[in-house]
Every structure is written in structure tokens, then in C-alpha cells.
Amino acid sequence: MKSKELADRLREVILNGTWVANTNFKDQIQDMDFQGANRSLAGRNSIGLLSQHIHYYIAGVLKAFQTGQLTIRDKFSFDFPPFESQQQWKDFQESFWKDTEALAQIIQAMPDADLGEAFIDPKYGHMQRNIDGLIEHSYYHLGQVALLKKMIAQQNGVD
Amino acid sequence: MATIAHFISQMQEIQAGKPWIGSSYERKLAEVDPSLVYVRPTPKLKSIAALISHLTLWREEAVLKIKTGQGSKTDACIENWLPDKELQAQGWNSIWAAYQQSFTDLISSLKGKEDSFLQQTYYDTDFKGEYTYQWLLDGILQHDVYHLGQLGLIIKHLKE
């Protein structure tokens, strides 16, 4: 029950939710082109970079569940070049959605009792705290993505 | 596990502590000249005052739901995003005081409750159905974090 709720909260922020913010990552970025995704307003992180930053953690936690090893590092979490084509941007998005759903399914399949177990190593805290943190971190940057998208649209005279 | 104590701790960090995600609301707002709080970053974006007032509304609603089992507002209500004139009439000190009071009231409404309370349900006026308090509190925390991410960008934009 708790595992299913946690998995659904992850799906909500990335794939399909509207309850918290009336939007989610997929809703925000799926209709953008790669030039818009690369666009940096006054030196701020681009929407493409923020999206890759969030995916980095989701893919890293997914891999940790699959292999038992946590290899992601904060210092590398913004190390991504701009997208070079629409296809590259679309391919990234597909990985983002696929990895999110794969992680949600792993979380959903966990017995509730396991949520209190150590995440990979006791030094990282337990499962639920880490997954909660992943979701909250995603909401933090989703707020920024939504704001940046509106700013870009207004600069383009679209909205 | 997801406990009331953990929720309170997370909310306190976001409000005035040192959240792992960055700066708290109080720290970010301490950087802001009060003359900027009503300025919209762009014509169609919300001001800091509007954002803080918006957060206050949903915290007050959460307290109402915790106390009575039912809310009173929907996303479409006028208080969700008050017009600029109304916000200016209230004054920043009043908006900020209401925000801080809503935080105090939310924490007070939860203190002394057992974690089993999180599995009890309330009627959500906006979503027209029964939901658990766990769902409500997760949503409030995530909502605060969502707008905290925006606040930093708005402040940077206004300072330029």
C-alpha cells in the first residue's frame, strides 16, 4: 500500500500528475523543441539541463536498485552538453519516461516493510527517505521548469 | 517511515532551516527588498507577494481539513491567486505574518497526533473525494518545495 503510494507520487511528478502543481515534467517538456530546451535565460540552467539533472538521479537510483551499487555523484549531476537535434531531445525524453516507470514499478513491488530498510548502504538512510527526497527534488526543479517555460514563451511572444 | 514528526521536520527545514535542497523560504526572502515583492518578473508571472499568499491559502486549507475533515476552497477560488490590488491593500507585512501564522497553525494542528492519523481520510473539496491525510501532507510539502524552486528564480530575475 505505502509502496504503491510512493510509486504513484513518483509517476505524478514526472509522468502524469496534476494534484500538486497542475503539471508534471512530461506535460511541461514533451511539446518543446530542442532549441527551446537548450535555451538559457540570463545564464540560468536551461530546461533541457534541468530535465537531464532530474533524470540523472532517477536513472542512478534505478540502476542502484538493479545492481546494488550507487554510482551517481552530485558533482556530475549537471554535466550535460546541449541537445544537438530534435531526435536526441526526443530520445532523451523517452529514456526519462521509461526509466521513471521502471523505477516506479520496482518501488511498487517492494513490500512496505522494506521501505524502512537501508538504501544500498546505511550511510544513505533508508529507502523511503531516499525516494521521498527524489520526489521532492523533482518538484523543486519542476517548479523552475514551469517558470522558465513561461518566461521563454513570453519572450517569444507566444503567451 | 513517513511519520508526522518527519513531516514537521521537513516543513521546518523548508520554512526556516537548512533544507538539503538549498535555501529556506525565510533565507531567500531575507534577500528581497520589500519594494520588489509586488513586482511581477514578467507581466504574466506572479509576484512574490502573490506566491506567498497562495501558499498561505493552501496551508490554511490543510489546517481546516485536519480540524474538520473537509476543506472549503478549490483551485478556481479568487483567494488562490489574489489580484495585485488586493495584495497591495493587504500590505507585505500582513501577507508575511499570515504566511508565518499558517505555518505555526499547521504544525500545531499536527502535534500530539499519532501516526495512524495519516491513514484517516478527509473530503477534498477540490478533487471531490475522500483522501488520506498522508496524501494531503505529502501534497503540501511537495507544493511548498515546487514554489521554493520558483522563488529563487524570481528573486534572481527581480534583482537583475
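**Helix H5 of chain B and its surroundings**

Colleague: Which helices do the buried residues of H5(B) pack against?
Modeller: A residue is buried if 20 or more other C-beta atoms lie within 10 Å of its own, exposed if 12 or fewer, and partly exposed in between, with C-beta atoms placed from the backbone. Contact between two residues means that such C-beta atoms lie within 7 Å. Helices (H or I, at least four residues) and strands (E, at least two) are DSSP runs, numbered from the N terminus. The buried residues of H5(B) pack against three partners in chain B: helix H1 (4–16), helix H3 (48–68) and helix H4 (84–90).

Colleague: What pLDDT do local features need here?
Modeller: Residues are numbered from 1 along each chain as its sequence is written, while chains are lettered from A and ligands numbered from 1 in the order in which they are written. This is a predicted model: totals for chains, interfaces and linings use all residues, side-chain atom pairs count only at pLDDT 80 or more, and local features need pLDDT of at least 70.

Colleague: What arc do the buried residues of H5(B) cover around the axis?
Modeller: The buried residues of H5(B) are Ile95(B), Trp96(B), Tyr99(B), Ser102(B), Phe103(B), Leu106(B) and Leu110(B). They lie on the same side of H5(B), because their arc around the axis is only 115°. The arc is that of the directions from the helix axis to the C-beta atoms. So the value is 115°.

Colleague: Which exposed residues sit on the face of H5(B) turned away from its buried side?
Modeller: An α-helix has 3.6 residues a turn, so residues three or four places apart point the same way. The face of H5(B) turned away from the buried side carries exposed Asn93(B), Ser94(B), Thr104(B) and Ser108(B).

Colleague: How far does H5(B) reach from its first C-alpha to its last?
Modeller: H5(B) runs over residues 92–110, 19 residues in total. The expected span is 1.5 Å times one less than the number of residues. That gives 27 Å, and H5(B) comes close to it, at 28 Å.

Colleague: Which residue follows H5(B) with a positive phi?
Modeller: The phi in question is near 90°. The residue after H5(B) is Gly112(B).

Colleague: Which residue stands opposite Thr121(B)?
Modeller: Strands E1 (residues 121–124) and E2 (residues 129–132) of chain B pair in the antiparallel sense over four bridges. Two strands pair if DSSP finds at least two bridges between them. Four residues lie between the strands of this hairpin, and Lys128(B) takes a positive phi near 50°. Opposite Thr121(B), in E2(B), stands Thr132(B).

Colleague: What is the radius of gyration of chain B?
Modeller: Chain B has six helices and two strands, in the order α-α-α-α-α-β-β-α. The globule rule (2.2 Å times the number of residues to the power 0.38, with the radius taken over C-alpha atoms) gives 15 Å for 160 residues. Chain B is close to that, so it is as compact as a globular protein of that length, at 16 Å.

Colleague: How many strands does chain A have?
Modeller: Chain A reads α-α-α-α-α-α along its sequence. It has six helices, and its strand count is zero.

Colleague: Which helix gives the most to the side of chain A that touches chain B?
Modeller: In all, 23 residues of chain A are in contact with 20 residues of chain B. The leading element, with 14 residues, is helix H6 (residues 127–155) of chain A.
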